[in-house]
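Student: Could you take me closely through one part of this model, the open sheet in chain A, and then place that sheet in its wider setting?

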Amino acid sequence: MRLYARPYAGQMLVMLATALLAVAAAISIPLVIRRIVDGPVTHGDRSALLPLAALALVLGVVEASLNFTRRWIQGTSTLGMERDIRDVLYRHLQSLPPAFHDRWLSGQLLSRLTSDLSAVRRFFGFGLIFLVANVATFAAICTLLVRIDVFLGLVVTASLVPIGFLCARFHHQFSGVSRRVQDQTGDLASRVEEAAQGIRVVKAFGRRRHIVDQYTADSTEVRGTQLEKVRIRAGFASVLDVIPNATLGVVLVLGALAVGSGRISLGDLVAFITLALQLVWPVEALGFILASAQEAGTAAQRVFEVLDTEPEIASPAVPVPLTGPDGGPPVGRVRFEGVGYRFPGSDRDVLHDIDLELEPGETLALVGTSGSGKTTLAMLLPRLADATRGRVTIDGHDVRDVALPDLRTVVATAFEEPILFSASVRENVTLGRPDATDADVEAALDLAQARFAHDLPWGLDTRVGEQGMSLSGGQRQRLALARAVLGRPRVLVLDDPLSALDVETEALVEEALRRVLAATTAVVVVHRPSTVALADRVAFLRDGTVEAVGTHADLMATNHAYAEVMGDPATVVVPGQSRREEVRR
Amino acid sequence: MSAPTKAPSGADWRGVAAEHTENVSSTVAGLLRGRSRRLLGSLLAPHRRTLWVVLGLVVVQNLASLAGPYLIGAGIDRGIPPLLRGEGGGTLAVVGVAFAVATGLQVLTQRTFMLLTGRIGQDVVLDLRTRVFEHFQRLSMAFHEDYTSGRVISRQTSDVDAISEFLDGGVDAVVRALLSIVGIGVTMLLLDVPLAIVGLASFVPLFALTLWFRRESATAYRTTREAVAMVIVQIVETLTGIRAVQAFRREPRNEEIFAALNERYRAASQKSFSLMAVYGPGMKLISNVTIALILFYGGTRVLDGELGVGVLTAFLLYLRRFFDPLQDLAQFFNALQSATAALEKLSGVLEEAPSVPDAERPRALPAPRGAVRFDAVSFGYKEKVVLPGLDLHVPAGQTVALVGATGAGKTTIARLLGRFYDPVEGRVLLDGVDLREVEEHDLHRAVVTVTQESFLFSGSVADNIAFGRPGASRGDIEEAARRIGAHEFIAALPEGYDTDVRKRGGRLSAGQRQLVSFARAFLADPAVLVLDEATSSLDIPHERLVQSALRTILADRTALIIAHRLSTVEIADRVLVLSDGRVVEDGPPHELAAGTGPYARLHHAWRQSLHRTGAA
C-alpha cells in the first residue's frame with residue numbers, strides 16, 4: 001500500500017498540515033473570545049474590541065481557506081491514487097491465467113476493483129488525515145488545558161484511558177464483520193453478473209422467480225451482516241460520545257468549585273470549557289474514523305489477495321528468442337514430450353504421458369469424446385495453461401522459455417466459443433497483428449467466408465461485440481476464425497472452429513482452410529468426420545492419453561473405439577441398436 | 001453529447017434514454033429529479049412510522065444536548081455567585097446532576113437512533129436491490145442486447161453502493177443537524193433578539209451557495225455515474241473474454257482503453273470533489289465571519305450594558321453549535337446529490353417497460369398439449385425485416401425441423417415461440433392461446449428452449465440440472481442425466497453431481513456443458529421443446545445418444561429443431577426449408593430428400609461431407 005501512496009506522500013503531508021493548521025485556527029478562535037470577554041468586555045476597553053474581533057475574523061477566514069486547500073488536494077491526490085491502483089490491479093488481472101479466472105467469481109474481482117478501492121481511497125483522503133489531526137488536536141488541547149489549570153487539565157487528559165479501551169474493543173469486534181460484508185457484497189455482485197449474462201437461460205426456463213428468490217436471500221444475508229455492523233457501531237459510538245460529555249460535567253462542577261475558592265478566574269473557566277468543548281467532535285468522529293479505517297484495512301486485504309497472486313503463467317526472466325533451427329524465423333516444429341496436466345487442487349490427471357510430434361506445416365487433429373482433454377491439450381501451446389508434467393516445444397524451445405507476446409504472435413488460436421470485443425470488425429480481426437494490411441484482412445475474411453462483414457451498416461468499421469451489433473453464432477465464429485488465420489501464423493490452434501456453421505458454409509471454409517493449413521503447423525480439435533479431412537494425421541485421445549496416431553482412414557480401419565467416436569457414416573441416419581449398446585458400455 | 005433536437009418532453013427522456021447525456025436542460029433535469037425523488041419516496045414509504053419514532057428520538061436527543069451549554073451558563077451565572085458568597089453549592093450540585101441526566105439520555109437516544117436509521121437504510125437498500133434485480137430480469141432480450149451486461153452490473157453494484165453510502169452516513173446527520181439548527185435558532189432568539197437576527201441573516205448567503213452547489217453537482221455526479229459504468233463495462237468484458245485477450249495479446253490495447261476510462265472516471269470524481277471543496281469551506285467561511293461579527297456586536301452591547309457577559313458567552317457557545325451541523329448538512333447534501341444521480345439511473349431502469357410485457361389478465365394453461373400456430377406473424381430487428389408474414393401450424397406432438405441458410409429466420413421463429421420477442425404483427429398461439437396472454441411461468445413450463453450457448457451458473461452440476469425444475473429430487477436429476485447420456489461423465493467427475501462447475505461451467509468442456517443443458521431441459525419436461533443448435537458441440541457418440549433419447553422424449557411432445565447437422569433433422573416428422581423468412585419447402589424429411597428441391601440438395605451435400613473423409 002505504501003508503494004502506491006508514495007507518489008502522493010507530498011500532497012498527503014500538505015493535507016495533514018492544512019488539517020492541523022485549520023484545527024489550530026479553530027482552537028485559537030475561543031482563545032480570542034476569552035481575551036475579549038476577559039479583556040475589553042470586562043474592563044470596558046472599547047478600543048481593544050475591534051482589533052481582537054478583526055483577529056477572530058482573520059482566523060475564521062484562514063480556517064476556511066485551509067479547509068478549502070485540504071479538500072482540493074484530497075480530490076487530486078487520493079483519486080489519483082485510487083486510479084493508479086485500479087490500473088495496476090486491472091493489468092494484474094489480465095496477466096493471471098484462465099485457471100485463476102475460472103476459480104474466481106467475476107463479481108468478487110469487480111468489487112475489489114470498485115468498492116474496495118473506494119473504501120481505501122476514502123480512508124486515505126479523510127480517515128487517515130483526521131486520525132492524525134484529531135490525535136494532535138487532542139494533545140494540543142490537553143496541553144493548553146493543563147496550562148490554564150493543571151488539575152482540571154489532567155482530569156480531561158485522563159478521559160483518554162476509557163477511550164483507548166473502547167477503541168481496542170471496537171477494533172476487535174468490527175474487523176471480522178467488515179470483511180464479511182465485503183465478501184458477501186462480492187458474492188452478490190457475482191449473482192448479478194451471472195443473472196445478467198445468463199438471462200437467456202433464465203428466460204428460456206421462465207425461472208425469474210427462482211433466481212430473484214436466490215438473489216433476495218443473498219441480499220437479505222448482506223442486510224443481516226450490515227445490521228450487525230450497525231449494532232457494533234451504535235454501541236461503540238454512543239458510549240464513546242458519553243466520555244467527553246461526562247468529562248465536561250465533571251469539569252463544570254470542579255471548575256465552578258475552583259472559581260468559588262478563587263483558584264481560577266471566571267474567564268479562565270469559560271475559556272477552559274470552550275476549549276474542552278472542542279474535544280467533543282474529535283472524540284465523536286473517532287467512531288466514524290475507526291470504522292472507515294477498519295473497512296479500508298479489510299478492503300486493502302482483499303485487493304492484495306489478488307495483487308499478491310503471482311501469475312502462474314508469465315514470461316521467463318530471461319526469455320529465449322523463438323527462432324527456427326537455423327536461427328531465422330520459427331518453422332513450427334511442435335513437440336509434446338511426456339506431457340501431463342491436472343487441474344490445480346485436483347488429485348487426478350486430465351492428461352498424462354502425451355508424446356506427439358508435428359512436422360512444420362503438418363496438421364494434427366485431436367479426436368476424443370467430450371471431456372477427454374482435447375481442448376486442454378490444445379491450450380498448452382499458446383500457454384493458456386501450462387503442462388504440469390513434461391514439456392511442449394516449438395522448434396526445440398520449451399514454450400515456457402519464450403516471452404509470452406513472442407509465443408502468442410507465433411501461435412494463433414480460435415476458440416470454440418468465439419469471443420468478439422467491443423470494437424470494429426477490423427480491430428477484432430487484426431487483434432494482435434496491428435501491422436496487418438487491408439489486403440491481409442480481406443484475405444482472412446475471404447478465407448473464413450466472412451465477407452458478410454462488408455454488408456454491415458458501416459462495413460468493417462461497424463462496432464461488434466457486447467457494446468456493438470449482435471451477430472449470429474455462425475457469424476461470430478467466422479470472424480474469430482478470420483482473426484486466427486490473419487497473417488498466416490506459423491502455428492495455429494483451432495478448437496472445433498466450425499461447429500456453428502451450416503453445412504454449405506462449412507464446406508467452403510474447409511476448402512479455404514485446407515490451403516492455409518498446407519503451410520501452417522496446426523492442432524485442430526474436431527468432433528466431425530468432415531473436419532477431420534483437414535488433418536494430415538489424427539491423434540486419438542482416450543482416458544487422458546494418446547491411444548493411437550495415424551491417418552483418419554487407418555484409424556477407422558484399425559481402432560474400434562475411434563470408429564465409434566467418429567461415427568460410421570453408414571449408421572448415422574438410423575443408429576443400430578447394437579452400436580448404441582457399445583457406446584453405452 | 002449532442003443536444004436534443006426537439007424540445008424535451010417527458011417521453012424523450014423516459015427510461016434509460018438520458019443515460020448518455022451529461023448536460024441536460026433544466027426541464028429534463030427537473031423531470032429526472034422528480035422521478036428519482038418519487039422512487040426514494042416509495043422506498044421510504046413502508047418506514048413512515050419508524051421515521052416518526054426516529055424524529056421523536058432526535059427531538060429528545062437534541063433537547064438533551066442543548067441542555068449542555070444552557071446548564072453550563074446556568075452553572076456560571078447562578079451556581080457560582082452563591083458559592084462565592086459562601087451560600088453553599090446546592091444550586092451547583094443540582095446543575096451537575098441535571099447535566100449527568102441529560103448526557104445519559106443523549107447516549108440512550110443516540111444508540112436507538114443509530115440502530116433504527118441503520119435498519120431503515122438497510123431495508124431500503126434491500127428493497128431497491130430486489131426491485132431493480134427483478135426488473136432487469138423482467139426486461140426483454142431486446143433491451144438486454146442493447147444495454148449490455150456490464151451496464152446491468154454497474155447499475156446494480158456501483159449505483160446501489162452510492163445510495164447505500166448515502167443512507168449509511170447521511171440520514172443520521174441531517175435530521176439531527178436540521179433539528180439542532182432549528183432548536184438552537186429558537187434558543188438564540190430567546191436569549192437575545194438583535195444578536196439572533198445577525199446570526200440568522202447568514203442564511204441568505206448560505207442558501208445562495210447551496211443553490212449553486214446543487215446545480216453544479218447534479219451534472220458532475222451524473223457524469224461520474226456514467227464514467228464508472230463504462231469502467232465496469234470494460235472490466236466485465238475483459239474478465240469474460242480473458243482467454244481471447246491473452247491468446248491475441250490484447251492486454252496492451254485493453255490497458256490503453258482501461259486507463260482512458262479510469263482517468264475519465266477520476267476526472268469526473270475530481271470535479272465533484274472540487275465542487276465540494278468550495279461548498280463545505282464556503283459554508284465555514286460564512287459561519288466564521290458571522291461569529292466574528294457577533295463577537296464585535298455582542299461585545300459592544302455588553303459594554304453598553306445592554307447584555308450580560310453570561311448571555312454573550314452562552315450565545316457564542318450556541319452559535320458554534322448552530323454552525324457546526326452545517327458541515328454535516330453539506331456532507332449530507334453532497335451524498336444526496338450523488339445518490340440522486342444514482343437514483344436517476346435506477347429509476348430510469350425501473351421505468352423501462354418490458355417490450356415483452358407480462359399478461360394483464362393471464363389465461364391459465366393447466367395442461368398444455370403443445371399445438372403451435374403462427375398466425376400471419378411478421379417480425380424484424382430494427383429496420384431489417386426477418387419474417388414478412390409467417391403462417392405455420394404445428395399440431396401437438398409433431399417434431400418440426402427448420403432448415404435454411406444463415407439469416408433465413410430460423411432462430412427468429414424459435415425466439416418468437418419462446419417469447420424472447422413478440423411479433424410486430426400477427427400472433428403466436430399455443431393451444432389456441434396467444435402467448436401474450438399466458439403468464440411467463442406457465443409459458444415456460446410449457447415451452448423450453450435449449451440454445452447453442454449452454455450457459456451454466458456457478459454451483460454444482462446437480463444445481464445446474466435442477467434449474468430445469470427447482471426442487472427436483474436427486475433421483476430425478478440423475479434420471480434426466482442418464483436419459484441423454486450425461487450420467488457417465490458426471491459420475492466420473494471428482495465429486496460426481498456435487499462437483500462445482502466453476503464460473504460459467506469453466507470446469508467442463510463445451511460438449512459437457514451442452515449435455516448438462518440438455519439434461520436441464522429434459523428435467524423441465526415441457527410440452528414444447530425448442531432446440532436451437534443444441535447439439536453443435538457434441539461428439540458423435542453423444543450426439544447419437546441424445547438423438548436416440550430425443551426419439552422417445554419427443555414422441556409425445558411438440559418440438560422445433562434447428563440444426564446444421566442433418567443427422568438431427570432426420571428424426572423430425574416434418575422439415576421446413578426457410579428462405580428469407582418464408583417457407584419454401586414443407587414435408588417429411590425422407591420425402592423431401594428423395595425429391596429435387598432445396599432440401600434434397602442440402603441433404604446430398606451433407607451426405608457428401610460425411611463420405612468425404614471416409615474415403616480420404
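Tutor: A good place to begin is a pair of neighbouring strands: strand β3 (residues 363-367) and strand β10 (residues 521-525) of chain A run parallel and are joined by four bridges, where strands count as paired if DSSP finds at least two bridges between them, and where helices (H or I, at least four residues) and strands (E, at least two) are DSSP runs numbered from the N terminus. Because this is a predicted model, local features need pLDDT of at least 70 and side-chain atom pairs count only at pLDDT 80 or more, while totals for chains, interfaces and linings use all residues. Residues are numbered from 1 along each chain as its sequence is written, and chains are lettered from A and ligands numbered from 1 in the order in which they are written.

Within this pair, A:Leu366 stands opposite A:Val525 of β10(A). Leaving aside residues up to four places away in sequence, A:Leu366 touches A:Lys374, A:Leu377, A:Ala378, A:Val523, A:Val524, A:Val525, A:Ala539 and A:Leu541, a contact meaning that the C-beta atoms, placed from the backbone, lie within 7 Å. A:Leu366 is also, with A:Val367, A:Ala482 and B:Ala519, among the residues that touch the most other members of the largest nonpolar core, which has 350 residues. Such a core is a set of buried Ala, Val, Leu, Ile, Met, Phe, Trp, Tyr and Cys residues joined through C-beta atoms within 7 Å; a residue is buried if 20 or more other C-beta atoms lie within 10 Å of its own, exposed if 12 or fewer, and partly exposed in between. Helix α10 (residues 309-351) of chain B supplies the largest share of this core, 21 residues.

The whole sheet is open and has six strands in the order β6-β9-β10-β3-β11-β12 of chain A, with mixed pairing. At its edges stand β6 (411-414) and β12 (545-550) of chain A, each with a single partner strand, so one side of each has no neighbour in the sheet. From one strand to the next the twist averages 20°, axes being lines fitted to C-alpha atoms, for helices over the stretch in contact, with angles from 0 to 180 degrees between N-to-C directions. Helix α16 (residues 473-485) of chain A packs on the sheet, where it touches β6 and β9 (491-495) of chain A, and its direction makes about 175° with that of β6(A).

In the loop between β9 and α17 (503-518) of chain A lies A:Asp496, which has a positive phi of about 40° although it is not a glycine. Most residues other than glycine have a negative phi. A:Asp496 counts as buried because it has 27 C-beta neighbours inside 10 Å.

As for the wider setting, chain A is divided into domain 1 (2-307) and domain 2 (334-569 + 576-584), with bounds that come from an automatic or database domain assignment, and the C-alpha centres of these two domains lie 56 Å apart. Across the interface, 147 residues of chain A are in contact with 148 residues of chain B, and helix α9 (residues 208-260) of chain A gives the largest share of chain A's side, 31 residues.

Key: Contact = placed C-beta atoms within 7 Å.
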